[in-house]
Amino acid sequence: MIVEVAFALPTEQKIISLNVPDECTAYDAVIKSGIVEIFPEIDPETAPMGIFSKAIKNPKETVLREGQRVEIYRPLIADPKEVRAKRAAKMKAKKEAEAAAR
């Protein structure tokens, strides 16, 4: 069956399509894809993974189906909640400054 393995950095992404046997796990697909040789920072033993943006708890036990894409996630640079809060605070301060200038 055909599956894909994907990894993305801010400046580069790679999606590798490969033929794997039935009963192939997400972990096995990552190893077989060779993506670790392209991105040595990936540790398949500890890297969080998902299938089509849905996190999987145990890649070594998650059996894939035809056409699925295994995604390897990298650590977030910033907490999305903090980024949204800062952006909201900045917009609020801007509106208050505009109101005060009137």
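What covers the buried residues of H1? In this predicted model, local features need pLDDT of at least 70 and side-chain atom pairs count only at pLDDT 80 or more, whereas totals for chains, interfaces and linings use all residues. Residues are numbered from 1 along each chain as its sequence is written, and side-chain values use heavy atoms, with hydrogens and water left out.

The buried residues of helix H1 (buried being under 20% relative accessible area with a 1.4 Å probe, protein chains only) are Ala-26, Tyr-27, Ala-29, Val-30 and Ser-33. Because they cover an arc of only 165° around the axis, they lie on the same side of H1, the arc being that of the directions from the helix axis to the C-beta atoms. Their cover includes S1, S2, helix H2 (35-38), S3, strand S4 (54-56) and S5; helices (H or I, at least four residues) and strands (E, at least two) are DSSP runs numbered from the N terminus. H1 is followed by Gly-34, which has a positive phi near 80°.

Thr-25, in the loop between strand S2 (13-19) and helix H1 (26-33), counts as buried because its relative accessibility is 8%. Leaving aside neighbours within four places in sequence, Thr-25 is in contact (heavy atoms within 4.5 Å) with Pro-59, Lys-60, Glu-61, Thr-62, Val-63 and Leu-64.

Among the strands, which pair if DSSP finds at least two bridges between them, S1 (residues 2-8) runs parallel to S5 (residues 69-72) and is joined to it by four bridges, with Arg-69 in S5 as the bridge partner of Glu-4. Strand S3 (residues 49-51) runs antiparallel to S5, with three bridges, and Ile-51 has Val-70 of S5 as its bridge partner.

How values were computed:
Buried means under 20% relative accessible area, exposed over 50%, partly exposed in between (1.4 Å probe, protein chains only).
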